Protein chains: 2
Amino acid sequence: MNRRTFLAAAGACSLADVDRLLARGDLKGKLSRADLPTPALLLDLDAFEANVAKMTRFARERNRALRPHGKTHKCPEVAKRLIRAGAVGCCAAKLSEAEAFAKEGVTGLLVTTEVVGRHKIERAVRLASRHKDTIFCVDNAQNARDLNEAAGAGRVKLNVAVDLHLGRTGVMPGEPALELARQIVSLPNLKLAGIQAYAGSASHTTGFEQRTRASREAMGKAVETRRLFEAKGIACPLLTGASTGTYNIDSEIDGVTELQPGSFIFMDVDYNKIGGAAGPVYNDFDNALTVLTTVVSKPSSRFAIVDGGFKAFATDRTFGPAPKNIEGISYRWAGDEHGRVDLASPSAPVEVGARIEFIVPHCDPTVNLYDRIYCLRGDAVEAIWPISARGMSQ
Amino acid sequence: MNRRTFLAAAGACSLADVDRLLARGDLKGKLSRADLPTPALLLDLDAFEANVAKMTRFARERNRALRPHGKTHKCPEVAKRLIRAGAVGCCAAKLSEAEAFAKEGVTGLLVTTEVVGRHKIERAVRLASRHKDTIFCVDNAQNARDLNEAAGAGRVKLNVAVDLHLGRTGVMPGEPALELARQIVSLPNLKLAGIQAYAGSASHTTGFEQRTRASREAMGKAVETRRLFEAKGIACPLLTGASTGTYNIDSEIDGVTELQPGSFIFMDVDYNKIGGAAGPVYNDFDNALTVLTTVVSKPSSRFAIVDGGFKAFATDRTFGPAPKNIEGISYRWAGDEHGRVDLASPSAPVEVGARIEFIVPHCDPTVNLYDRIYCLRGDAVEAIWPISARGMSQ
């Protein structure tokens, strides 16, 4: 099928049919950026591959395990590429996200939110029985007992990490964590893998020096707690933490064994703004992720309306999308399905049908709005990857 | 299968398997609110049915057609229930949303965003050839010619409405709109259905009097444009507009023939805040939509962490979710997957495993995060409806 007959076929179908057609075959030469139905989530493969290579090399050189966070991409194909590049596995924010990764053959799963409630605990045991290297996080004595009981009934041994409170979930560092670790060690169906320590607010602290101070203070508590475990004879081989904002800070802290950054593969306006070690813009990694929109209306010469709004971009930041392929314009929200583009001095014509591509404000919750990511090599669509764990927040 | 064996079966499956099991059979007595995997989107059926009955009666009594906006629910079952209650059809924000509704048998579709680009126009023609009553919006002369040409090639006649600019998409009211209407009438494969006029900013104006002024000013331009069309001999049977915020304002304006409110079926914190005709809280319709969360961590006696964050609630408003089943607590965002609940003086115990239900900040983009809506009669799950058009923003 050549490009023309392919597109004729695509034109004859619903969007779902088009995607099925596309996902089936070799797309090279058949579909280009200009053909995609908008709003569309795009991945620049050259930038993505460079980001993956840079982070895996970084971790290897510093002798840290790398288990990138799958909450960013929710895409088994991305997880598998990271593992092929050297990652030890994939973090999942929730049990259902981990189930979606496991179903597609992703190994080395670490579920970073506590699994609570009888039904979910039973599912966790099922997951562990098929994927024995899965690690679950625990921060509560009763929850540890519940996990132990269900694991016994399911005849599996659950790997668990003590989740330390550094701002969100977790047991308090020091003695409370030690008490929980002792309990875990005493329970026959649980195996203590180590400590999970995610310092969310440090990750997004603006300014490299300020961020370094914030992360060292937070992770210092985790390292001390690990030492406390070991001093009391409790083996603690794992201390996992860090983020895209702190990968090069936490990797310098003795005792941190594993890094779990997520956003570096895609990047976003949010991380660009926090500042890097070398200057005011954080650009250790390239912006690989964009949303492509189409101008659907131009009511006046001063502004146009694109087909991407609250349902096309995450809105949890104070700023909006940043135009990538054109200068002299600015985006503002115009509702659920639309954005208004103000045309101060556009560097290219902005008429109905024009396509405007945006770097997303915040990558994780933006990706969670889409079912597929179009992977581009230049302007050619090389692959379409399903975002299989989209919506899996349970 | 009784409740116990049913749940045992469910516990043995992945989340997707559970949903397939549940969607298949008669759920009565088998599944209750307490069993649901969280975060879960819930619909209180008694409140929903009361909202549907109230709005359909209102429109009937005022002799206005009602075509509720499907962008709110993206759920064919909801659209069909509204039609059975008296609605003439269902609005869709985008073509792919309309395709998803059409596939499930929803009739009387009005696509409220312009369809731009060759591939999408071909798909629109396909849709119209199977669903002849579909109406598309146009605001641009070239786009009208493109639609006409594709309709000719597809041997269909496309129903189109002139989309008037009252703040977002659309051609300017008055002469520019008249010129476009004349062009449409001259094109052999287009049929002018009338005018679409959505005044988005009026819908959310706080205070009933201020909102009445804003909507009358905006819709006044639409009514005048309709009169202009008719004075020039151009039949304009349809003038569709209005929202949940203005249904009882625009229905009093002579010349508005059809109301297209969306949010009234579910309601949200946003609409509660804009004030009603009778007082400072807008409560013409009941809060039928909630998100159920679980406390997954309690690091301190002062706060707890629930399992719903940016991926469980829309974040486009300045305020967050409002607790429904408990008082004396407040929610704040704690990242993509978590919320922090501050425990000032909780009216019920908030321990790990407790379930907290929230009215959502903004219903439309919240619904767009979920694949299914659990429909409750009291505490029993009576049905699970697929949100088939979720993510269909193209």
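**Exercise 1. How many residues does helix H7 of chain A have, and how far does H7(A) reach from its first C-alpha to its last?**

Before solving, a note on the ground rules: this is a predicted model, where local features need pLDDT of at least 70, side-chain atom pairs count only at pLDDT 80 or more, and totals for chains, interfaces and linings use all residues. Residues are numbered from 1 along each chain as its sequence is written, while chains are lettered from A and ligands numbered from 1 in the order in which they are written.

Step 1. Find residues 141-153 of chain A: that is H7(A), with 13 residues. Helices (H or I, at least four residues) and strands (E, at least two) are DSSP runs, numbered from the N terminus.

Step 2. Take the end-to-end span, which is 19 Å, close to the 18 Å expected at 1.5 Å a residue. The expected span is 1.5 Å times one less than the number of residues in the helix.

Step 3. Look just past the helix: A:Arg155 follows H7(A) and has a positive phi, near 55°.

**Exercise 2. Work out which residues of H7(A) are buried and what they pack against.**

Step 1. Apply the burial rule: a residue is buried if 20 or more other C-beta atoms lie within 10 Å of its own, exposed if 12 or fewer, and partly exposed in between, with C-beta atoms placed from the backbone.

Step 2. List the hits: A:Asn143, A:Ala144, A:Leu147, A:Asn148, A:Ala150 and A:Ala151.

Step 3. Recall the helix geometry. An α-helix has 3.6 residues a turn, so residues three or four places apart point the same way.

Step 4. Name the partners. The buried residues of H7(A) pack against helices H6 (118-130) and H8 (175-186), plus strands E5 (135-138), E6 (158-163) and E7 (190-197), of chain A.

**Exercise 3. Split chain A into domains and describe how they touch.**

Step 1. Domain 1 covers 3-45 + 283-386 and domain 2 covers 48-267; such bounds come from an automatic or database domain assignment.

Step 2. The C-alpha centres of the two domains of chain A lie 33 Å apart.

Step 3. Their contact takes 14 residues from domain 1 of chain A and 18 residues from domain 2 of chain A. Two residues are in contact if their C-beta atoms, placed from the backbone, lie within 7 Å.

Step 4. On the domain 1 side, strand E1 (40-44) and helix H13 (363-367) of chain A each supply at least two residues. H13(A) gives the largest share, three residues.

Step 5. Sort that side by chemistry: nine nonpolar, two polar and three charged. Here Ala, Val, Leu, Ile, Met, Phe, Trp, Tyr, Cys and Pro count as nonpolar, Asp, Glu, Lys and Arg as charged, and the others, Gly among them, as polar.

**Exercise 4. Do the same for the contact of chain B with chain A.**

Step 1. Each partner gives 62 residues, chain B and chain A alike.

Step 2. On the chain B side, the largest share, five residues, comes from H6(B).

Step 3. The chain B side divides into 20 nonpolar, 24 polar and 18 charged.

**Exercise 5. Hunt for unusual backbone spots.**

Step 1. The peptide bond from A:Thr38 to A:Pro39 is cis, with omega near -5°. A:Pro39 is in the loop between helix H2 (15-24) and E1 of chain A.

Step 2. A:Met267, not a glycine, has a positive phi of about 65°. A:Met267 is buried, with 24 other C-beta atoms within 10 Å.
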